[in-house]
Amino acid sequence: MPRKKHSKPEIEKALCYAESHHWRVNVGGSHAWGKIYCPYNDKECRCGEFCITSIWSTPKNAGTHAKQIKRVVDNCRRNSQENKE
C-alpha cells in the first residue's frame, strides 16, 4: 500500500529522495507526521543515534526541514562508505 503524501511539496520531495536511498518512511506518531529509518540501522553507523529521524507535519520552514532530511540521508556513515568503494 502506498504511503500518505506529505502536504508540503518540499518535504515530500525530500522523502522521495530518502526512499530512493532505501530509507523507510513510516507515517504516524504522536507529535510528528512520521519518521524515516536508516536501512542499515547498526551501531557502527554513528552509534545508531541518527538512524531514525522525525518528519514534522507543519515545520516553521518547510524548505529548511527538507534540507535537514536530505542532509541526514547524505551523511549516513554506511551510505558514504559504500559510495567510496
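This text walks through a predicted model of a single chain, from its overall layout down to individual residues.

Start with the layout. The chain has 85 residues, and 32% of them are buried. Its secondary structure comes to 3 helices and 3 strands. Read from the N terminus, the order of elements is α-β-β-β-α-α. Sequence-distant pairs matter in the contact count: of the contacts between residues at least 6 apart, 47% join residues at least 24 apart.

Next, confidence. The mean pLDDT of the chain is 84. A value of 70 or more is reached by 76% of the residues. Helix H1 has the highest confidence, at a mean of 96. Helix H3, residues 77-84, has the lowest, at 58. Where pLDDT is low, the predicted coordinates should not be read in detail.

Now the interior. The largest nonpolar core holds 17 residues. Those with the most contacts inside this core are Ile-11, Leu-15, Trp-23, Ile-36, Ile-55 and Ile-69. Two elements give two or more residues each: helix H1 (9-20) and helix H2 (62-74). H2 gives the most, with 5 residues. Such grouping fits a general tendency. In soluble globular proteins, nonpolar side chains tend to be buried together.

Ile-11 is a good place to look inside this core. Beyond its neighbours within four places in sequence, Ile-11 is in contact with His-6, Ile-55, Trp-56, Pro-59, Ala-62, His-65, Ala-66 and Ile-69. Two of these partners, Ile-55 and Ile-69, are also listed among the core residues with the most contacts.

How do H1 and H2 lie relative to one another, parallel or antiparallel? Their axes come within 8 Å and cross at roughly 10°. Angles under 35 degrees count as roughly parallel, so H1 is roughly parallel to H2. On the H1 side, the contact is made by Glu-10, Ile-11, Ala-14, Tyr-17 and Ala-18. On the H2 side, the residues are Ala-62, Gly-63, His-65, Ala-66, Ile-69, Lys-70, Val-73 and Asp-74. By class, the residues of this contact divide into 8 nonpolar, 2 polar and 3 charged.

Two H2 residues in this contact deserve a closer look. The first is His-65, which lies in helix H2. Is His-65 buried or exposed? Its relative accessibility is 5%, and the limit for buried is under 20%, so His-65 counts as buried. Leaving aside neighbours within four places in sequence, His-65 is in contact with Ile-11, Ser-54, Ile-55, Trp-56 and Pro-59. Ile-11 itself is in contact with Ile-55, Trp-56 and Pro-59 as well.

The second is Lys-70, also placed in helix H2. Its relative accessible area is 30%, between the limits of 20% and 50%, so Lys-70 is partly exposed. Outside its neighbours within four places in sequence, Lys-70 is in contact with Ala-14 and Tyr-17. Both of those residues belong to the H1 side of the helix contact. Lys-70 and Cys-16 are 54 residues apart in sequence, yet their C-alpha atoms are 9.9 Å apart in space.

Finish in a loop. His-22 sits between H1 and strand E1 (24-27). What is unusual for a residue that is not a glycine there? His-22 has a positive phi of about 70°. With a relative accessible area of 62%, over the 50% limit, His-22 is exposed.

Note on methods: Residues numbered from 1 in each chain as written. Predicted model: local features only at pLDDT ≥ 70, side-chain atom pairs only at ≥ 80, totals over all residues. Heavy atoms only, no water. Core = buried A, V, L, I, M, F, W, Y, C linked by side-chain atoms within 4.5 Å. Buried < 20%, exposed > 50% of the residue type's maximum accessible area, 1.4 Å probe, protein only. Helix = DSSP H or I, 4+ residues; strand = E, 2+ residues; numbered from the N terminus. Contact = heavy atoms within 4.5 Å. Axes fitted to C-alpha atoms, helices over the stretch in contact; angles between N-to-C directions. Parallel < 35°, antiparallel > 145°, perpendicular 65-115°, else oblique. Nonpolar A, V, L, I, M, F, W, Y, C, P; charged D, E, K, R; others polar. pLDDT = per-residue confidence, 0-100.
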